Amino acid sequence: MPKAEIGQAVHLLDLMLEFFADDGHWTRGFYDDGDGGPCLVGALLHLSRKHRLPAAPVIALLQDAMPRPGLPLVHFNDIRCGSVAELRSVVLKARRLAHDDAARGEAAAALKIWLLAQIEERRAATATTDISGTVPVVAFERFAA
């Protein structure tokens, strides 16, 4: 995930944490209960539209943060999740995963720079090597005769 996308995802996750700060803003079985209480997905979509932030990266991070791999977000919200505290813990885990992804990206970029420098260093070293002593003189004498 690109660094800018990670920043937007973290921002949206932070907005979700603020939104679910009190128990009254969470519902089950509906995207929105009609009284300002959306489910996990409903809040994600609402905040994404309101703040013009992409939802797809956050959906992927939340999927990765599920207590059981492959657990759909709607199923988690409606059946598996027992409280807003548990819902917030999944959002916090998704946020940590985003930061981990950013750190992996930075490490990969640093490794790429180092590897390219090593390649360039070796190319420079082989280009300046004296090649006169690499082929036996006997080989040239056979062709000259």
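Here is a short conversation about reading helix packing and buried residues in a predicted model.

Biologist: I'm new to this one. How do people describe two packed helices?

Modeller: Two packed helices are described by the angle between their axes and the distance between the axes. Here, take helix 1 (3–19) and helix 3 (56–65). Their axes lie 9 Å apart and meet at an angle of about 70 degrees. Angles of 65 to 115 degrees count as roughly perpendicular, so that is what helix 1 is to helix 3.

Biologist: Which residues make the contact between them?

Modeller: On the helix 1 side you'll find Glu5, Ala9, Leu12, Leu13 and Met16, and on the helix 3 side Pro57, Val58, Leu61 and Leu62. Sorted by character, the residues of this contact come out as eight nonpolar, no polar and one charged.

Biologist: What about the largest nonpolar core? Which of its residues touch the most other members?

Modeller: That core has 34 residues, and the ones touching the most other members are Leu13, Met16, Phe20, Leu40, Val58 and Leu62. Helix 1, helix 2, helix 3, helix 4 and helix 5 (84–127) each put in at least two residues. Helix 1 gives the most, with nine.

Biologist: Let me zoom in on Leu62. What is it in contact with, leaving aside neighbours within four places in sequence?

Modeller: Leu62 is in contact with Leu13, Met16, Leu40, Leu44, Leu73, Val90, Val91 and Ala94.

Biologist: Now Met66. Where is it found, and is it buried or exposed?

Modeller: Met66 belongs to the loop between helix 3 and helix 4 (73–80). Buried means under 20% relative accessible area, and Met66 has 4%, so it's buried. Beyond residues up to four places away in sequence, it touches Leu71, Leu73, Phe76, Val90 and Lys93. Look at Val90 in particular: Met66 and Val90 are 24 residues apart along the chain, yet their C-alpha atoms are separated by 6.5 Å.

Biologist: Leu73 and Phe76 came up there. Which residues of helix 4 are buried?

Modeller: Leu73, Phe76 and Asn77 are buried in helix 4. They cover an arc of only 95 degrees around the axis, so they sit on the same side of helix 4.

Biologist: One last try, with Ser48. Where does it lie, and why does it count as buried?

Modeller: Ser48 lies in helix 2, which covers residues 40–51. It counts as buried because its relative accessibility is 9%. Apart from neighbours within four places in sequence, Ser48 is in contact with Leu12, Leu53, Pro54 and Ala55. You met Leu12 earlier, in the contact of helix 1 with helix 3.

Technical notes. Residues are numbered from 1 along each chain as its sequence is written. This is a predicted model: local features need pLDDT of at least 70, side-chain atom pairs count only at pLDDT 80 or more; totals for chains, interfaces and linings use all residues. Side-chain values use heavy atoms; hydrogens and water are left out. Helices (H or I, at least four residues) and strands (E, at least two) are DSSP runs, numbered from the N terminus. Buried means under 20% relative accessible area, exposed over 50%, partly exposed in between (1.4 Å probe, protein chains only). Contact means heavy atoms within 4.5 Å. A nonpolar core is a set of buried Ala, Val, Leu, Ile, Met, Phe, Trp, Tyr and Cys residues joined through side-chain atoms within 4.5 Å. Axes are lines fitted to C-alpha atoms, for helices over the stretch in contact, and angles run from 0 to 180 degrees between N-to-C directions. Angles under 35 degrees count as roughly parallel, over 145 as roughly antiparallel, 65 to 115 as roughly perpendicular and the rest as oblique. Ala, Val, Leu, Ile, Met, Phe, Trp, Tyr, Cys and Pro count as nonpolar, Asp, Glu, Lys and Arg as charged, and the others, Gly among them, as polar. The arc is that of the directions from the helix axis to the C-beta atoms.
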